[in-house]
Amino acid sequence: MKFLVQRVMQAGVEVNSEKVGEIQNGFLVFIGICQNDTQDIADKMIHKLLNLRIFEDEKGKTNLNLAAVNGSLLLISQFTLYADCRHGNRPSFIGAGKPDMANSLYEYIIEACKKTVPIVQQGIFGAEMKVSLVNDGPFTIMLDSDEL
């Protein structure tokens, strides 16, 4: 499982020119799910995400987590995080999870985050989405379950 985490001042997602999710101050998280992922792996990733201390404290040090700044989440499924570009110039996505399984885990992640984060917005699984953001920093981190 991969989470591409961007600290944002604002972020939004549109599907068919309709805004389906929008946040201020928090994390925009692109979520990639592979075939071997489980709810246990998702739980570890969620724990790491929610405890990332990448917001600045009063001394300007990245020392605060999402809860400390009343941050929000915008969660977007993105199978392209599992692009394999080692052979040729056309990416292969064979490493990405099958849609039914990936959607189930994506929904699990959303519901788990809603238990502790007051504002959790989301994209639409499998839809063509337009994502906008104002990256704060910029600050972008890749969380990979293989490295936890």
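**Exercise 1. State what share of the protein is buried and how its chain is packed overall.**

Step 1. Of the 148 residues in the protein, 42% are buried, where buried means under 20% relative accessible area, exposed over 50% and partly exposed in between (1.4 Å probe, protein chains only).

Step 2. The model is predicted: local features need pLDDT of at least 70, side-chain atom pairs count only at pLDDT 80 or more, and totals for chains, interfaces and linings use all residues. Residues are numbered from 1 along each chain as its sequence is written, and side-chain values use heavy atoms, with hydrogens and water left out.

Step 3. The protein has two helices and seven strands, in the order β-β-α-β-β-β-α-β-β from the N terminus. These are DSSP runs numbered from the N terminus: helices are H or I with at least four residues, strands E with at least two.

**Exercise 2. Describe the largest nonpolar core and where its residues come from.**

Step 1. A nonpolar core is a set of buried Ala, Val, Leu, Ile, Met, Phe, Trp, Tyr and Cys residues joined through side-chain atoms within 4.5 Å.

Step 2. The largest such core has 29 residues, and Phe3, Phe27, Leu73, Leu75 and Ile109 have the most contacts inside it.

Step 3. Two or more residues each come from β1 (2–15), β2, α1 (39–51), β5 (72–77) and α2. Helix α2 gives the largest share, eight residues.

Step 4. Another core, of twelve residues, lies apart from it; Val8, Val13, Ile23 and Met129 are among its members.

**Exercise 3. Classify the aromatic pairs Phe27–Phe55 and Tyr106–Phe125.**

Step 1. Rings of Phe, Tyr and Trp (its six-membered ring) pair if their centres lie within 6.5 Å; planes under 30 degrees apart count as stacked, over 60 as edge-to-face and the rest as tilted.

Step 2. The rule gives three aromatic pairs. In one of them, the centres of Phe27 and Phe55 are 5.3 Å apart with planes at 15°, so this pair is stacked.

Step 3. Phe27 is in strand β2 (residues 18–32) and Phe55 in strand β3 (residues 55–56), so the pair ties together parts 28 residues apart in sequence. Phe27 is buried at 0% relative accessible area, and Phe55 is buried at 5%.

Step 4. Tyr106 and Phe125 are tilted, at 6.1 Å centre to centre and 40° between the planes. Tyr106 belongs to helix α2 (residues 99–114) and Phe125 to the loop between β6 (120–122) and β7 (129–144), so this pair ties together parts 19 residues apart in sequence.

Step 5. Tyr106 is buried, with 0% relative accessible area, whereas Phe125 is partly exposed at 29% relative accessibility.
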